[in-house]
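Open the model in your viewer and keep the selection tool at hand. The stops below say what to pick and what is there.

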Amino acid sequence: MLFLGVALFVLVMTVRMVKYVLDLNADFRRVRGEGVRLQAEVVDYDKRVGDRADEFYLRPIVRYYLNDRTYQATVGNASGSNPPPLGSFTTVVVSPKTPYAPYDPYQGIGGAVVFAFVALAASVGMLYWAIVRL
C-alpha cells in the first residue's frame, strides 16, 4: 500500500514536470517565431550543480539592448556543458513582450521534452505495477 502512495506521488510530480516542460517548449517556439535576434554579451554564469558532487553546469548570463533599454538575464535553454567565454558575444532571440527571457536560437528544448515523457511512462508503469501487486 505504501508503494501505491509513492507511485501516485511520483506520477503527480511527473505530470507537473511534463506540463512545465511543454509550457517551456511552447514559449521557446513562440519566441523563436516572433522574437528579435540580438547580439548579447556574456557577462557571468548561472552555476548549477550536476548529479555528481564534482559536476556542474554554467548557463550564460547575457546583457543585451532592446528598444533603448539594457537587459540582463540567463539564457533559458542553454545546455551549460560548453558555455561561451566571458566577454564574448552570442546570438539570442528575445520577444519584445517578454524581454527578460532570452533563448539560444540554435539550441532546442527537445531533450527535456523526451526526458519528461520517458519519466511519465516510467511513473505510469510504476503505478500499474503497484496496482497489480494489490
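**Helix 1 and its faces**

Select Phe9, Val12 and Met13: together these residues make a nonpolar patch on the surface, with about 300 Å² of accessible area. The model is a predicted one. Met13 lies in helix 1, residues 2-34. Its relative accessible area is 39%, so Met13 counts as partly exposed.

Now show the whole of helix 1. How far apart are its end C-alpha atoms? They are 48 Å apart, and this agrees with the expected span, because 33 residues at 1.5 Å a residue should also give 48 Å.

Stay on helix 1 and colour the buried positions: Leu4, Ala7, Leu11, Thr14, Val18, Val21, Asn25, Phe28 and Val31. Thr14 and Asn25 are on that list along with nonpolar residues such as Leu4 and Phe28. An α-helix has 3.6 residues a turn, so residues three or four places apart point the same way.

Move to Met1, in the segment before helix 1. Is Met1 buried or exposed? With a relative accessibility of 74%, Met1 is exposed. For a distance check, pick the C-alpha atoms of Met1 and Ser81: they are 80 residues apart along the chain and separated by 41 Å.

**The sheet**

Switch to a cartoon view and select the strands. There are 5 of them in an open sheet, ordered 3-2-1-4-5, with antiparallel pairing. At the edges are strand 3 and strand 5 (98-103), each of which pairs on one side only. From one strand to the next, the twist averages 40°.

Select strand 2 (residues 56-66) and strand 3 (residues 69-74). The two run antiparallel and are joined by 6 bridges. Within this pairing, look for Arg63, which has Gln72 of strand 3 opposite.

At the other side of the sheet order, select strand 4 (residues 89-95) with strand 5. How many bridges pair them? There are 2, again in the antiparallel sense. Val93 can be found opposite Tyr103 in strand 5.

**The turn between strands 2 and 3**

Zoom in on the hairpin formed by strand 2 and strand 3, which has 2 residues between the strands. Select Asn67 in the loop between strand 2 and strand 3. What is notable about the phi of Asn67? It is positive, about 50°, although Asn67 is not a glycine. Asp68 is also placed in the loop between strand 2 and strand 3. Its phi is positive too, near 65°, and Asp68 is likewise a residue other than glycine. Most residues other than glycine have a negative phi.

Colour the loop by accessibility. Asn67 is exposed at 62% relative accessibility, and Asp68 is exposed with a relative accessible area of 84%.

**Salt bridges**

Show the charged side chains. The structure holds 5 salt bridges, and three stops follow. Side chains of opposite charge can pair when their charged atoms come close.

Select Glu34 and Lys97, whose side chains meet in a salt bridge at 4.0 Å, N to O. This pair links distant parts of the chain, 63 residues apart: Glu34 belongs to helix 1, and Lys97 to the loop between strand 4 and strand 5. Glu34 is partly exposed, since its relative accessible area is 34%. Lys97, at 66%, is exposed.

Go back to Arg63. Which residue does Arg63 meet in a salt bridge? The partner is Glu41, with the closest N and O atoms 3.9 Å apart. Here too the pair links distant parts of the chain: Arg63 sits in strand 2 and Glu41 in strand 1 (residues 36-49), 22 residues apart. Arg63 is partly exposed, with a relative accessible area of 29%, and Glu41 is partly exposed at 26%.

As a last stop, select Lys47 and Asp44, a salt bridge in which the closest N and O atoms are 3.9 Å apart. Lys47 has a relative accessible area of 57% and is therefore exposed. Asp44, at 34% relative accessibility, counts as partly exposed.

Note on methods:
Residues are numbered from 1 along each chain as its sequence is written. This is a predicted model: local features need pLDDT of at least 70, side-chain atom pairs count only at pLDDT 80 or more; totals for chains, interfaces and linings use all residues. Side-chain values use heavy atoms; hydrogens and water are left out. Patches are made of residues with over 30% relative accessible area and no salt bridge: like charges are joined within 9 Å, nonpolar side chains (Val, Leu, Ile, Met, Phe, Trp, Tyr) within 5 Å. Accessible areas come from the Shrake-Rupley method with a 1.4 Å probe; for residues, only the protein chains shown count as cover. Helices (H or I, at least four residues) and strands (E, at least two) are DSSP runs, numbered from the N terminus. Buried means under 20% relative accessible area, exposed over 50%, partly exposed in between (1.4 Å probe, protein chains only). The expected span of a helix is 1.5 Å times one less than its number of residues. Two strands pair if DSSP finds at least two bridges between them. Axes are lines fitted to C-alpha atoms, for helices over the stretch in contact, and angles run from 0 to 180 degrees between N-to-C directions.
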